[in-house]
Amino acid sequence: MSTRIAFLKGHGTENDFVIVPDPENALDLPPAAVAALCDRRAGIGGDGLLHVVRSAAHPEATHMAGEAEWFMDYRNGDGSIAEMCGNGVRVFARYLQHAGHVTEGDLAVATRGGVKTVHIAKDGDVTVGMGKAQLPEGDVTVSVGDRSWPARNVNMGNPHAVAFVDDLAHAGDLYSPPPFSPAAAYPSGVNVEFVVDRGPRHVAMRVHERGAGETRSCGTGACAVAVATARRDGTDPAATGSPATYTVDVPGGTLVITERPDGEIEMTGPAVIVAEGEIDADWLESAIR
């Protein structure tokens, strides 16, 4: 390992990430190293880490190398591996543009949730093709304190439970995962979204992200919220034949989600690189001992 490791810091609607460029997958980033880097007091700080690797160089992505040159090896802030992160894909694409690997226009990004299509617009916004939602059958309930709500089970490549509430304060502090039942619905845990209405096709949400706690934004969560809201409102595009677009306010900004009649979902929002520097490898090694 070299004595210093390049990193950048970026965010999408204040869902923030440590970005570690490693095209040839040469760095060893065990969970403890990721957690140390994402620590907001003793490390760089972030909701997660974007490990930037060429698909051909990563064993989990080689089968996607023909479709996407770059693989987003995404890790949660606690070091655990996640299937997908919608805000992370936008920031990942912004990094590729910042580094000169891509320009404005279309590109493909490999993730554990499959290959995602991305469009970098001239105005700076980034649109990500998030694929189709899956809606597992069965009733789900989430709870905070003595309150409980029915929740919609939505899978966006990662699991979500979407609960409509009267007040976002009812979500509590979201430091710990809100209890849910039945346990079999989410054997590996779940991201929980609490949602209120703001106006026609306009909602606001708070989220507890699995492995990270409450975050300022969650892209897959915003998509899950739009899908659940469309079903609640009777605007399911597969039934109406027309796209459904929802504005979703998150604590860190605003995302626009469109679901098409074929089920494909697009998410549009900002992505910003705010800093770059070097990690001291000796510090990192000492931090994970």
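Here is a short tour of this predicted model, with a suggestion at each stop of what to select and what is there.

**Stop 1: the largest cavity.** A search of the whole structure turns up two cavities of 30 Å³ or more. Start with the largest one, which holds about 90 Å³ of space. Select N76, M84, N158, N191 and E209: of the 13 residues that line this cavity, these lie nearest its centre. Then colour β4 (70–76) and α3 (219–233), since each supplies at least two residues of the lining. What kinds of residues make up the lining of the largest cavity? Five are nonpolar, six are polar and two are charged.

**Stop 2: the second largest cavity.** Now select C223, A226, V227, A244, I257, T258, E259 and I265, which line the second largest cavity. Two elements, α3 and β16 (253–259), give two or more residues to this lining. The volume here is about 30 Å³, and the lining divides into six nonpolar residues, one polar and one charged.

**Stop 3: strand β17.** I265 from the last stop leads us on to its strand. Select residues 264–269, strand β17, and look at its two faces: I265, M267 and G269 are on the covered one, while E264, E266 and T268 are on the uncovered one. In a regular strand, side chains alternate between the two faces of the sheet.

Next, add the neighbours. Strand β7 (residues 126–132) runs antiparallel to β17 and is joined to it by six bridges. β16 is also antiparallel to β17, with four bridges between them. Centre your view on M267: V128 stands opposite M267, and I257 has M267 as its bridge partner. Before leaving, find G263 in the hairpin of β16 and β17, where four residues lie between the strands; G263 takes a positive phi near 95°.

**Stop 4: aromatic pairs.** The structure holds three aromatic pairs. For one of them, select F17 and Y74, an edge-to-face pair with 5.9 Å centre to centre and 75° between the planes. F17 belongs to strand β2 (residues 15–21) and Y74 to strand β4, 57 residues apart in the chain. F17 is buried at 0% relative accessibility, and Y74 is buried too, at 3%.

Move on to W149 and F194. Their planes are at 75° and their ring centres 5.7 Å apart, so this pair is edge-to-face. W149 lies in strand β9 (residues 147–155) and F194 in strand β12 (residues 191–199), with 45 residues separating them. W149 counts as buried at 10% relative accessibility, as does F194 at 0%.

**Last stop: a charge over a ring.** Finally, select R232 and F164. The charged end of R232 sits over the ring of F164, 4.6 Å from the ring's centre.

Definitions and conventions. Residues numbered from 1 in each chain as written. Predicted model: local features only at pLDDT ≥ 70, side-chain atom pairs only at ≥ 80, totals over all residues. Heavy atoms only, no water. 1 Å grid on protein atoms, 1.4 Å probe; cavity = no way out; pocket = protein on both sides within 12 Å on 5 of 7 lines; lining within 4 Å. Points joined across faces, edges and corners; volume = space filled by probe spheres on them. Nonpolar A, V, L, I, M, F, W, Y, C, P; charged D, E, K, R; others polar. Buried < 20%, exposed > 50% of the residue type's maximum accessible area, 1.4 Å probe, protein only. Pairing = 2+ DSSP bridges. Phe/Tyr/Trp six-rings, centres within 6.5 Å; stacked < 30°, edge-to-face > 60°. Lys NZ or Arg CZ within 6 Å of the ring centre and 35° of its normal.
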